[in-house]
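Visitor: I am new to this structure and would like a close look at a single part of it, the disulfides. Please take me through them slowly.

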Amino acid sequence: TAKDHCPSHASTVVPNSQITKCDCTCNQTWTGDSCDICPPVIDPATDCAQCLVGYIGFPNCVKCSIATNCNNNADSVTGSPGSLSCQCDCRNMWSGATCSQCNSQLDGAGHEVCASGHTGYNICDLCT
C-alpha cells in the first residue's frame, strides 16, 4: 500500500512503470525512495520544514558563524529556526546586528582599550 511505501512524508504516491513498487513524491525537503530522510541541517521534528537551531535560510540552511555573520567581533552567535539572520552577542563594546559598529571611545585591534583621551575601560569616559 501507499502507506507502507511512503509513510507520511509524500504528497503523491503512484506505482512505478513495472508496477513492482510505489514511487513517492516527497513533501517539503524530505528525500529518499520512501520520503524518510530529512537533510542533516533541517529539523525533522518540524516535518522537515525549518533549519536546525544554529542555521538560517531554509531550505538551504547555512550555519551561523562568528567570522561570517559577526565580523569576528562576537563572543557567540545563534540562529533561530525561521529566522533570516543570525543573532550576534557582540564583545568589547562592538554593536550592531553584525557587530560591525565600534564605539568611538574604544581603540586597539579588538577595541579592547580606551581611545586616547578616554579612561576606565568598558565605560571609557572622556578625560576632563
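Guide: What follows is a walk through the disulfides, with a short look at a hairpin beside them. This is a predicted model, in which local features need pLDDT of at least 70 and side-chain atom pairs count only at pLDDT 80 or more, while totals for chains, interfaces and linings use all residues. Residues are numbered from 1 along each chain as its sequence is written, and side-chain values use heavy atoms, with hydrogens and water left out.

A disulfide here is a pair of cysteine sulfur atoms within 2.5 Å, and by this rule the count comes to six disulfides. Among them is the link of Cys 26 to Cys 35, with an S to S distance of 2.2 Å; its torsion about the S-S bond is -90°, and the link is left-handed. To describe the surroundings, buried stands for under 20% relative accessible area, exposed for over 50%, and partly exposed for values in between, with a 1.4 Å probe and protein chains only. On that scale Cys 26 counts as partly exposed because its relative accessibility is 22%, whereas Cys 35, at 0%, counts as buried.

Another of the disulfides joins Cys 70 to Cys 88, with 2.0 Å from S to S. Cys 70 lies in the loop between helix 2 (66-69) and strand 5 (74-78), and Cys 88 lies in strand 6 (residues 87-90), so the pair ties together parts that are 18 residues apart in sequence. Helices (H or I, at least four residues) and strands (E, at least two) are DSSP runs, numbered from the N terminus. The torsion about the S-S bond of Cys 70 and Cys 88 is about -85°, so this disulfide is left-handed. Cys 70 is buried, with a relative accessible area of 0%, and Cys 88 counts as buried at 18% relative accessibility.

A further disulfide, between Cys 90 and Cys 99, has an S to S distance of 2.0 Å and is left-handed, with -95° about the S-S bond. Cys 90 counts as partly exposed at 22% relative accessibility, while Cys 99, at 0%, counts as buried.

Returning to the hairpin, strand 1 (residues 10-15) and strand 2 (residues 22-26) run antiparallel and are joined by five bridges, where two strands pair if DSSP finds at least two bridges between them. Pro 15 has Cys 22 as its bridge partner in strand 2. Six residues lie between the strands of this hairpin, in which Ile 19 takes a positive phi near 55°.
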